[in-house]
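User: Please take a close look at one loop position in this model and set out, in order, what surrounds it. I would like a connected account that then leads outward to the rest of the chain.

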Amino acid sequence: MIGRLNHVAIVVPDLAAAAEIYRQTLGATVSAPADLPDHGVTTVFVELPNTKIELLHPLGEGSMIQTFLDRNPSGGMHHICYEVEDIIAARDALKANGARVLGDGEPKTGAHGKPVLFLHPKDFAGTLLELEQA
């Protein structure tokens with residue numbers, strides 16, 4: 001079921017500064033910021049040869065990312081995203097095995113314009129997982 005690693009997401013207190021670190025210090029290709037109001041975040045993607053790093057910053061009132069940043073003012077790793085071929089089949093198989101899907105359980109459109117779901121971190125060794133349909 002699980003496919004390749006799509007990205008690792010890191011919450012940052014200053015999106016422009018974090019993007020500049022990856023661009024200037026590490027020499028990475030960095031995307032322009034993109035607002036995702038449905039998810040309450042602004043994202044920047046750092047392109048790597050084998051995956052991506054997603055930099056997240058809160059967008060709007062009540063952003064879950066702001067809650068994370070309040071608890072971790074310096075930022076930190078937020079989630080890992082894996083690709084799946086069929087997100088509905090993956091969801092159903094995971095639920096049948098006792099995994100908890102966050103939200104209403106229905107896929108939402110993610111940063112890449114593809115369906116995504118999030119899985120409860122308590123079911124995956126303390127790590128929030130995102131599944132994205134490949």
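Analyst: Helices and strands are taken here as DSSP runs numbered from the N terminus, a helix having at least four residues (H or I) and a strand at least two (E). The model is a predicted one. In these terms, Leu102 belongs to the loop that runs from helix H3 (87-96) to strand S7 (108-109).

Is the residue buried, exposed or in between? The relative accessible area of Leu102 is 34%; since buried requires under 20% and exposed requires over 50%, Leu102 is classed as partly exposed. With residues up to four places away in sequence set aside, its contacts are Phe118, Leu119, His120 and Leu128. Lys114, twelve residues from Leu102 in sequence, has its C-alpha atom 17 Å from that of Leu102.

These contacts lead to the largest pocket. Leu102, Phe118 and Leu128 are among the residues nearest the centre of that pocket, together with Met64 and His78. Two of the residues that Leu102 touches, Phe118 and Leu128, are thus also named at the pocket centre. The volume of the pocket is about 780 Å³, and its lining comprises 34 residues. By class, the lining holds 14 nonpolar, twelve polar and eight charged residues. At least two lining residues come from each of S4, S5, helix H2 (64-71), S6, S8 and S9. H2 contributes the most, with five residues.

His120 offers a link to another loop. It is touched by Leu102 and also by Thr127, whose further contacts beyond four places in sequence are Met77, Ile80 and Pro121. Thr127 sits in the loop between strand S8 (115-119) and strand S9 (128-133). Its relative accessibility is 19%, and because the limit for buried is under 20%, Thr127 counts as buried.

Back in the loop of Leu102, Ala99 also lies between H3 and S7. Ala99 is buried, at 13% relative accessible area. Leaving out neighbours up to four places away, Ala99 touches Leu94, Asp123 and Phe124. Cys81, 18 residues from Ala99 along the chain, is separated from it by 16 Å between C-alpha atoms.

The same loop takes part in ionic pairing. Side chains of opposite charge can pair when their charged atoms come close. Arg91 and Glu106 form a salt bridge with an N to O distance of 3.2 Å. As Arg91 is in helix H3 and Glu106 in the loop between H3 and S7, this pair ties together parts 15 residues apart in sequence. Arg91 is buried, with 10% relative accessibility, whereas Glu106 is partly exposed at 43%. Shared partners join Arg91, Asp92 and Glu106 into one salt-bridge network.

The count of salt bridges comes to six. One of them joins Arg4 and Glu83, whose closest N and O atoms are 3.6 Å apart. It links distant parts of the chain, 79 residues apart, with Arg4 in the segment before strand S1 (5-11) and Glu83 in strand S6 (residues 76-84). Here Arg4 is partly exposed at 44%, while Glu83 is buried at 13%. A further pair, Glu20 and Arg23, has its closest N and O atoms 2.8 Å apart. Both of these residues lie in helix H1, three residues or about one turn apart. Glu20 is partly exposed at 33%, as is Arg23 at 34%.

The last step is the nonpolar interior. In soluble globular proteins, nonpolar side chains tend to be buried together. The largest nonpolar core has twelve residues, among them Val8, Leu15, Tyr22, Val30, Val44 and Ile53. Helix H1 (15-25), strand S4 (41-47) and strand S5 (52-58) each provide at least two of its residues, and H1 gives the most, with four. A second, separate core of eleven residues includes Val84, Val101, Leu119 and Leu131. Leu119 connects this second core with the starting point, as it is one of the residues touched by Leu102. In the largest core, Val44 is in contact, beyond four places in sequence, with residues including Leu15, Ala19, Val30, Ile53 and Leu55.

In summary, Leu102 is a partly exposed residue that is among those nearest the centre of the largest pocket and touches Leu119, a member of the second core.

How values were computed:
Residues numbered from 1 in each chain as written. Predicted model: local features only at pLDDT ≥ 70, side-chain atom pairs only at ≥ 80, totals over all residues. Heavy atoms only, no water. Buried < 20%, exposed > 50% of the residue type's maximum accessible area, 1.4 Å probe, protein only. Contact = heavy atoms within 4.5 Å. Core = buried A, V, L, I, M, F, W, Y, C linked by side-chain atoms within 4.5 Å. Salt bridge = Lys/Arg side-chain N within 4 Å of Asp/Glu carboxyl O. 1 Å grid on protein atoms, 1.4 Å probe; cavity = no way out; pocket = protein on both sides within 12 Å on 5 of 7 lines; lining within 4 Å. Points joined across faces, edges and corners; volume = space filled by probe spheres on them. Nonpolar A, V, L, I, M, F, W, Y, C, P; charged D, E, K, R; others polar.
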